[in-house]
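I set out to read this model entry by entry and to note what I looked up. The notes keep to what can be read from the coordinates.

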Amino acid sequence: MSTQLPVLKAKDFESDQDVRWCPGCGDYSILAQMKKMLPSMGVPREKIVFISGIGCSSRFPYYMNTYGIHSIHGRAPALATGLKSVRPDLMVWVITGDGDGLSIGGNHLMHVIRRNLDINIILFNNRIYGLTKGQYSPTSPLGKVTKSTPMGAIDNPLHPLSIAIGCEASFVARSIDTHIKHLEATLQRAAEHRGTSFVEVYQNCNIFNDGAWEYTKDKQTKAENTIELEHGKPLIFGAKRDKGIRLNGLEPEVVELGKGVTEDDLLFHDEKAAEPSLAYLLSRMRHEDGFPEPIGVFRAIETPRYDEELNKQVAAARAKRGEGDLNALFNSGETWTVS
Amino acid sequence: MSTTTEGQTASTKQTIVLEGATVRLAGDSGDGMQLAGTQLTGTSAQVGNDIATFPDFPAEIRAPRGTLAGVSGFQVHFSSQEIFTPGDSLNCLIAMNPAALKTNLADLDSGGALIVNQDAFDKKDLEKAGYATNPLEDDSLEGYNLFKVPMTKLTRGAVEGLGLSVKEADRCRNFFAMGLIYWLYGRDSSPTLRFIEEKFGGKPDVAEANRKALNAGWNYGETTEAFVSHYEVAPAKLPAGKYKNMMGNTALAWGLIAAAKVSGKDLFYGTYPITPASDILHELSRHKNFGVRTVQAEDEIAAMCTVIGAAFAGSMAVTGSSGPGIALKGEAMGLGMILELPMIIINVQRGGPSTGLPTKTEQSDLLQVLFGRNGESPIPIIAARSPGDCFDVAIEAWRIATRFMTPVILLSDGYIANGSEPWLIPDADAIPRIEVSHPGPLNDGEAFLPYARNERLARPWAIPGTEGLMHRVGGLEKQDKTGNVSYDPENHQHMTDVRAQKVANIADDVPLQEVTGPASGDLLVLSWGGTYGANTTAVKKCQKMGLSVAHAHLRYLNPLPKNLGEILDRYKKVLVPELNMGQLRMLIRARYLKDAIGYNKVQGKPFTVAELVGKIQETIG
């Protein structure tokens, strides 16, 4: 038997099921980049599990030729916790959306992140409920007019990365469905990270919320409206790379380079900072407040992983007390004999 | 050290031999009554008595001291005969304060021994218990054999010189009470002395104080003139073998560990703390060297979902909860059902509805677990009948789950979960193996059919890591054999039928229902779950009275045993006593068109034997 792993191609990860997202949906690109990226990880298909909840994005596992569970609304992180706890050898992906992950499944998302379970979570954020045909979602902006909010949404939106960082996430990143190279690289970083990797993908729903992220995609505006994070590099953006982010006290501000401002004055990105404050600050930079929105890896630190710790305890108990013996257990404590 | 390691047993006073006795220790929830009751149980088991216990405590950890709401009790029935219940009424009540007296006195037999801590009957505590006058000083307790014992004073005296604060000294009062009871019923105190050493060994002054209080209690009985005689309860004639005292939740945990072992699986237990199921988690988390992995999830829903994830991954996956938690798990249980993965869902029932009576017992979740999911969602159900039986039922649940690739619901209740009885220690090597198989790898190109079925209609349990078996499962209706998503009308009908038939097939795989008593006659008592002991005792009594009555106690509630319909037809009447408003009775009526008669009680308490005997007599007429 050959011990060499077969070299896989993107096509090897394609299941026999027809993809049934609406034509033009951003999900297609995420699926394509995932299939393109996975062969580089060198993990056999049978060692990969995709778990999802409910929603358009959650159909994802059906289209991957790996093991998969299309579970119930919001609960994929909890299924992943059970699965990874008993099988730390598997590579586990959770596919979720803004409604699935942040509304009905918010509690599970928070807890799986704080556990730092060694899984990868991809949250497809389209700022709308697509599968139920167009109600506002927890990431829809204030005032958003939808079928369920004809006079505008009055809930403050949630910001996925701020939440993940608040839950002590060890890996937080953002990408955009149409930035295919960036997306593929981001997925790869997530896959390589040990611990919970949380990736928000700006994903366009061309049926119910078309153009929600257009300011980050449009050729004319994307360089002004996004900023690509690189570890150890200053935060520079703009078509002419003539603008940057500087810290003014605890607040970020947009500055123009030149005119007395040099690169050294800018905020330098440190994805390995132990304190999450800077990553959080970056997650708060929003288009509507006049900031470019960061994409790339916000934070990537090494902290203990739940699945490893759990299995370490089992190993430690076995090393200390020996493999469990039923007869010894049954006869432990006070006993008496009837003859 | 002045103490001995051996317990005291020899008394110079007159000994009266009893068949058995029922004793309840009652006090404030901080008075250590549960500990005292547990110790009395252990030492009675050591004597060789048959035992049955009934702890009864409030949901509040420390309700305001001295109040009626804060009373905690522990009842022990020990006997030289085989017994099945913790006893209907009390031969002896120990009341540590006025509130304990007030809430428990009604259960004491007239003429029964009433031992009170006289020191606790001060004006303030009498008022808290709602006594206008001190019952120890009027004639209201005339009908009982009252012993006024200044326990607080005597305990403080016993531990004097050890440098304990008054508060610490008073904490030893339960050991004083124990010592006195041990003297009264001829119990050996050495198991309790061993317990003190184990539990308080690290605090020598506390250990010594408890030893002194225990001995002081014993000596008080022996020396004071108030107690003229004491009792002896001979060992019971239990089947030969080695025993230990077993609580239901511990038995359940051990049964799960054993089931994992005999099926070659590691046990995964995903759960959320809830009364009265949490002790299963506590017990399992102590046994990681058996490969047990416990996850305390963020909520009940998550707990159920971790179990599905672990089951998909190939583990023996189990969750435990109680009614409110099961309500939250409903949707995920439906997913487990349609995924057709083996797993166990334990419901340790408590008083409902809603938060209900968390620490009290009830059997009112039968219809919930049978029907409490959306869609046609059949899941097999089995129920434990006694503390020790929880062990066997856990193994049986896993056997069914793996043979039929299905979640199995295991019903217990607060009464058997916290109650205890002697458990004949099994030989682990004699527990039948549970064969579990997973399909092996397939070469590329060969189609794997995750929803192909065997003769029992069970599908294959293909686990991640197996080459060529990559497949996707989900909550959407799936095509026969391939498991692919399907909205085809005929297919949905077919899959619904198959899932129902698969569960129905379990009836062919489990023992036929047995009946104790005449094969036909005036009355069949049909019961299930934790009422086994009371019903068994009541039916035996009625049979001795010459009544034509038989008893069938159900373990399998879904599917019901194949021969049940035929059994019901052999009796003129069928009586279904339940600690709910008639849930099994509704099923029996619907399924067999049998005009079953209900006997129903929802008071947070088990049936007494007397209640059942009365109902049986009345029903036969």
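The entries below go from one chain to the contact between chains and then to the other chain.

**Entry 1. Standing of the model**

I noted at the outset that this is a predicted model.

**Entry 2. Chain A as a whole**

I counted 11 helices and 12 strands in chain A. Its C-alpha atoms fill a box of roughly 95 × 50 × 45 Å along the principal axes. Of its 339 residues, 47% count as buried. I then looked at contacts in chain A between residues at least 6 apart in sequence, and 65% of these join residues at least 24 apart.

**Entry 3. A sheet in chain A**

I traced an open sheet of three strands in chain A, with the order β8-β9-β10 and antiparallel pairing. The edges are β8 (236-237) and β10 (251-256) of chain A; each has a single partner strand, so one side of each is left without a neighbour in the sheet. Strand β9 (residues 243-248) of chain A pairs with β10(A) over six bridges in the antiparallel sense. Within this pairing I found A:Lys243 opposite A:Glu256 in β10(A).

**Entry 4. Where chains A and B meet**

How many residues of chain A are in contact with chain B? I found 52 residues of chain A in contact with 60 residues of chain B. On the side of chain A that touches chain B, at least two residues each come from β2 (67-70), α2 (76-86), α4 (106-115), α10 (306-321), α11 (326-330) and β12 (336-338) of chain A. Helix α2(A) gives the most, with eight residues. By class, this side of chain A has 20 nonpolar, 22 polar and 10 charged residues.

I also looked for strand pairing between the chains. β2(A) pairs with strand β17 (residues 472-474) of chain B over three bridges, in the parallel sense. Here A:Gly68 stands opposite B:Arg472 in β17(B).

**Entry 5. The six-stranded sheet of chain B**

I traced an open sheet of six strands in chain B, with the order β3-β4-β2-β5-β6-β7 and mixed pairing. Why do β3 and β7 of chain B stand at the edges? β3 (50-56) and β7 (145-149) of chain B each have a single partner strand, so one side of each is left without a neighbour in the sheet. Neighbouring strands of this sheet are turned by 15° against each other on average, direction ignored.

At one edge, β3(B) and strand β4 (residues 71-79) of chain B pair in the antiparallel sense over seven bridges. B:Asp50 stands opposite B:Ser79 in β4(B). Helix α1 (residues 33-47) of chain B packs on the sheet and touches β2 (20-28), β3 and β4 of chain B. The direction of α1(B) makes about 5° with that of β4(B).

I then turned to strand β6 (residues 108-117) of chain B, which is mostly covered, with seven of its 10 residues buried. Strand β5 (residues 90-95) of chain B pairs with β6(B) in the parallel sense over five bridges. In this pair B:Cys92 stands opposite B:Ala113 in β6(B).

**Entry 6. B:Leu184**

Is B:Leu184 buried or exposed? I found B:Leu184 in helix α6 (residues 173-184) of chain B. B:Leu184 counts as buried because it has 23 C-beta neighbours inside 10 Å, where the cut-off is 20 or more. Leaving aside neighbours within four places in sequence, B:Leu184 is in contact with B:Gly221, B:Phe227, B:His230 and B:Tyr231. B:Leu184 and B:Val228 are 44 residues apart in sequence and 10.0 Å apart in space, C-alpha to C-alpha.

**Entry 7. Helix α10 of chain B**

In helix α10 (residues 278-285) of chain B, I found B:Ile280, B:Leu281, B:Glu283 and B:Leu284 buried. These residues cover an arc of only 165° around the axis, which puts them on the same side of α10(B). The buried residues of α10(B) pack against α9, β10 (267-271), β11 (293-296), β12 (316-321) and β13 (343-349) of chain B.

**Entry 8. A helix pair in chain B**

I last looked at helix α9 (residues 248-262) and helix α14 (residues 389-404) of chain B, whose axes come within 7 Å and cross at roughly 35°. The crossing of α9(B) and α14(B) is right-handed. Among the residues that meet are B:Trp254 and B:Leu256 in α9(B) and B:Phe391 and B:Trp398 in α14(B). The residues of this contact divide into 12 nonpolar, two polar and one charged.

Notes: Residues are numbered from 1 along each chain as its sequence is written. Chains are lettered from A and ligands numbered from 1 in the order in which they are written. This is a predicted model: local features need pLDDT of at least 70, side-chain atom pairs count only at pLDDT 80 or more; totals for chains, interfaces and linings use all residues. Axes are lines fitted to C-alpha atoms, for helices over the stretch in contact, and angles run from 0 to 180 degrees between N-to-C directions. Helices (H or I, at least four residues) and strands (E, at least two) are DSSP runs, numbered from the N terminus. A crossing is left-handed if the near helix is turned anticlockwise from the far one by less than a right angle, and right-handed if clockwise. Two residues are in contact if their C-beta atoms, placed from the backbone, lie within 7 Å. Ala, Val, Leu, Ile, Met, Phe, Trp, Tyr, Cys and Pro count as nonpolar, Asp, Glu, Lys and Arg as charged, and the others, Gly among them, as polar. Two strands pair if DSSP finds at least two bridges between them. A residue is buried if 20 or more other C-beta atoms lie within 10 Å of its own, exposed if 12 or fewer, and partly exposed in between; C-beta atoms are placed from the backbone. The arc is that of the directions from the helix axis to the C-beta atoms.
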